[in-house]
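I opened this structure to look up two things. The aromatic rings come before the enclosed spaces.

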Number of protein chains: 2
Amino acid sequence: MPENAAAPAGPPAAPRRLRADAQRNVTALLEAAKTVFDTTGVDAPAKEITDLAGVGVGTLYRHFPQRSDLVKAVVQSNIDACAAAGPRLRAAHEPAAALAAWLREYTELLGTKRGLASALHSGDPAYEALPGYFLETLTPTLTALLDAAAADGEIRDDVAAKDLMFAIAQLCLPVAGESPGHSARMVGILIDGLSNGPRRQGRTAGQ
Amino acid sequence: MPENAAAPAGPPAAPRRLRADAQRNVTALLEAAKTVFDTTGVDAPAKEITDLAGVGVGTLYRHFPQRSDLVKAVVQSNIDACAAAGPRLRAAHEPAAALAAWLREYTELLGTKRGLASALHSGDPAYEALPGYFLETLTPTLTALLDAAAADGEIRDDVAAKDLMFAIAQLCLPVAGESPGHSARMVGILIDGLSNGPRRQGRTAGQ
DNA sequence: AGCCAAACGGAAAAGCTTTCCGCTTGATTT
DNA sequence: AAATCAAGCGGAAAGCTTTTCCGTTTGGCT
């Protein structure tokens, strides 16, 4: 029963329509936070984010009452972006290629956004809802991609979206002493393993 | 002037022997931290810990220069305790029973000490060494238990310690919307699956 | 134009971690 | 047993961060 309009993947939960400048600031903050989290880490001081966004701290805390609300919003935004990539890739590529490309994007979501993994596992009650959001948002996307590729006969049809998501998540867990690209390489092999067709070289390994 | 001395499984790294009262305080702090982390969470203020331990903050920071050092020490202590349980259980029970009991202890280590999982996955460089310590310490313990039970023919002999450890760790990852006992139940099933003997009821399910 | 609630900025408050230093005390020597 | 003194202690204060507060600005509306 969300009756409010225009809140694509909003920050916390917007009960009323935001003023134009406020909406702009929220977007700027989210963007800045994404950048800073990737650069300095999730523990970066709020000041760094507000400076980059060009707003005062008061503005940050108006929209994200707690620091964790901002982290949560960024993670959700990353998840949303990954989900949105599904239809886009499907429109631009053949089913199997779209699937492979999306899985690489998903891998990157897990591997490069350190904040995501730690938020998911932190045990902090503020992030309790995230794993659920993660699954609810991404499972349909992957299911659609899998179904399309399976319908074409390009890949095996006995893999459930959720299983694949978990398996890749598992592969992306950081293991002490492995080079950074290790996870991506393993996932590449897994992706190749989905294929029904003849072995192709360089499809998932190269960029 | 021999400055090297015994440091059983000390806090950070003790280059010289501690004075008796200092040793007592370190122990008290570790004990207090364990309690507080389990109660209030890993983010509990240091004050709560020093109060419970009955020491001043200065004392805490003398022994654990950074907050993360204390967390690290507690995690290591938990790992050590789990490792120490191996020989103890082996002495007190038959091989297969000892193995099952130890795996339950290991499950508890993963499941109830929220701090461990989040420290392992946090990405904070302060905890980088922990996954390695975890494996190095627990793998030999489990290997010994497995070998003993396998030698008796009580369990299958085609399971490597590391694989089992990872599998259980995987089962213990928190999944949104599952009851708290879910992980333990699943692990119980896995443990039963190791057995070569006739199905027994209530061995791993009950407490 | 003029109104005013929404939104802003940033100073101040609150809270945590970490440092500092004068005082206390366990161990050692005499 | 007393003296000595470096190791160790406690807690006040410094340094950072997050969070609150409030006077000022401004977008949306009439």
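Entry 1, ring pairs. I began in chain A, where Trp102(A) and Tyr106(A) sit in helix α5 (residues 95–112), 4 residues apart, about one turn of the helix. Helices here are DSSP runs (H or I, at least four residues), numbered from the N terminus. I noted that this is a predicted model, where local features need pLDDT of at least 70 and side-chain atom pairs count only at pLDDT 80 or more. Residues are numbered from 1 along each chain, and chains are lettered from A.

I checked burial next. Trp102(A) counts as buried (under 20% relative accessible area, 1.4 Å probe, protein chains only) because its relative accessibility is 0%. Tyr106(A) is buried too, also at 0%.

I then turned to chain B. Tyr106(B) and Phe134(B) make a tilted pair, 6.1 Å centre to centre with 45° between the planes. Rings pair if their centres lie within 6.5 Å; planes under 30 degrees apart are stacked, over 60 edge-to-face, the rest tilted. This pair links helix α5 (residues 95–112) to helix α7 (residues 130–151) of chain B, 28 residues apart. Both Tyr106(B) and Phe134(B) are buried.

Entry 2, cavities. I looked for sets of points on a 1 Å grid where a 1.4 Å probe fits but cannot get out. I found 2 cavities of 30 Å³ or more. The largest holds about 40 Å³. Its lining residues (an atom within 4 Å of a point) include Ala46(A), Tyr61(A) and Phe64(A). The second largest holds about 30 Å³. Leu60(B) and Arg67(B) are among its lining residues.

Definitions and conventions
Side-chain values use heavy atoms; hydrogens and water are left out. On a 1 Å grid over the protein atoms alone, a cavity is a set of points where a 1.4 Å probe fits but cannot get out, and a pocket is an open set with protein on both sides within 12 Å along at least five of seven lines; lining residues have an atom within 4 Å of a point. Grid points are joined across faces, edges and corners, and a volume is the space filled by probe spheres set on the points. Helices (H or I, at least four residues) and strands (E, at least two) are DSSP runs, numbered from the N terminus. Buried means under 20% relative accessible area, exposed over 50%, partly exposed in between (1.4 Å probe, protein chains only). Rings of Phe, Tyr and Trp (its six-membered ring) pair if their centres lie within 6.5 Å; planes under 30 degrees apart count as stacked, over 60 as edge-to-face and the rest as tilted.
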